[in-house]
Amino acid sequence: MPKEDILKHLGLSEKEAKTYLAILELGSSTIKPISDKAGIKRTSIYNFIDRLVEMGLITRSTIRN
């Protein structure tokens, strides 16, 4: 069974699953590479990241220069 299907079975939407798998593969990243890897519009990724943070699957950090 594909990883995306397993995640959907666990309650993630298709786009949440794609976002999560992209983040797992990329590791610490900014929005643009996650969006490119997941194949989802950058403006939409923010919503899926918020949901994944709420679910406790990922954490968000801010890096200031």
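1. Which residues does tyrosine 20 touch, not counting residues up to four places away in sequence? The list is Leu7, Leu12, Leu52, Leu57 and Ile58, where contact means heavy atoms within 4.5 Å. That is a handy place to start reading this structure.

2. A word on what you're looking at. This is a predicted model, in which local features need pLDDT of at least 70 and side-chain atom pairs count only at pLDDT 80 or more, while totals for chains, interfaces and linings use all residues. Residues are numbered from 1 along each chain as its sequence is written, and side-chain values use heavy atoms, with hydrogens and water left out.

3. Now the overall layout. The chain has four helices and zero strands, so reading from the N terminus you get α-α-α-α. Helices (H or I, at least four residues) and strands (E, at least two) are DSSP runs, numbered from the N terminus.

4. On size, the C-alpha atoms fill a box of roughly 40 × 25 × 20 Å along the principal axes. The radius of gyration of the chain is 11 Å, which agrees with the value near 11 Å that a compact globule of 65 residues would have. That radius is taken over C-alpha atoms, and the globule rule is 2.2 Å times the number of residues to the power 0.38.

5. Next, surface and burial. The accessible surface comes to about 4,800 Å², and carbon and sulfur atoms own 50% of it. Areas come from the Shrake-Rupley method with a 1.4 Å probe, and for residues only the protein chains shown count as cover. Of the 65 residues, 28% are buried; buried means under 20% relative accessible area, exposed over 50%, and partly exposed in between (1.4 Å probe, protein chains only).

6. As for contacts along the chain, take those with a separation of 6 or more: residues 24 or more positions apart account for 32% of them.

7. Have a look at the core. The largest nonpolar core has 15 residues, and Ile45 and Ile49 have the most contacts inside it. Helix H2 (14–26), helix H3 (31–38) and H4 each supply at least two of its residues. A nonpolar core here is a set of buried Ala, Val, Leu, Ile, Met, Phe, Trp, Tyr and Cys residues joined through side-chain atoms within 4.5 Å. In soluble globular proteins, nonpolar side chains tend to be buried together. Isoleucine 45 touches Thr19, Ile31, Ile34, Ser35, Ala38 and Ile40, leaving out residues up to four places away in sequence.

8. Back to tyrosine 20, which sits in helix H2. Tyrosine 20 counts as buried because its relative accessibility is 15%. Its contact Leu57 is 37 residues away in sequence, with 8.1 Å between the C-alpha atoms.

9. Leucine 57 itself comes in the segment after helix H4 (42–54). With a relative accessible area of 35%, leucine 57 is partly exposed. Beyond neighbours within four places in sequence, leucine 57 is in contact with Leu12, Tyr20 and Leu52.

10. Glutamate 16 is worth a check too: this acidic residue belongs to helix H2. Is glutamate 16 buried or exposed? Glutamate 16 is buried, since its relative accessible area is 9%. Setting aside neighbours within four places in sequence, glutamate 16 is in contact with Gly11, Phe48, Arg51 and Leu52.

11. Two residues from the start of the chain round out the tour. Aspartate 5 is in helix H1 (residues 3–9) and is partly exposed at 33% relative accessibility. Between the C-alpha atoms of aspartate 5 and alanine 17, twelve residues apart along the chain, there are 8.3 Å. Serine 13 is in the loop between H1 and H2, and its relative accessible area of 31% makes serine 13 partly exposed.

12. Lastly, charges. There are 11 positive and 8 negative side chains, with the centres of the two sets 5 Å apart. Lys and Arg count as positive and Asp and Glu as negative, with His and the chain ends not counted; each charge is placed at NZ of Lys, CZ of Arg, CG of Asp or CD of Glu.
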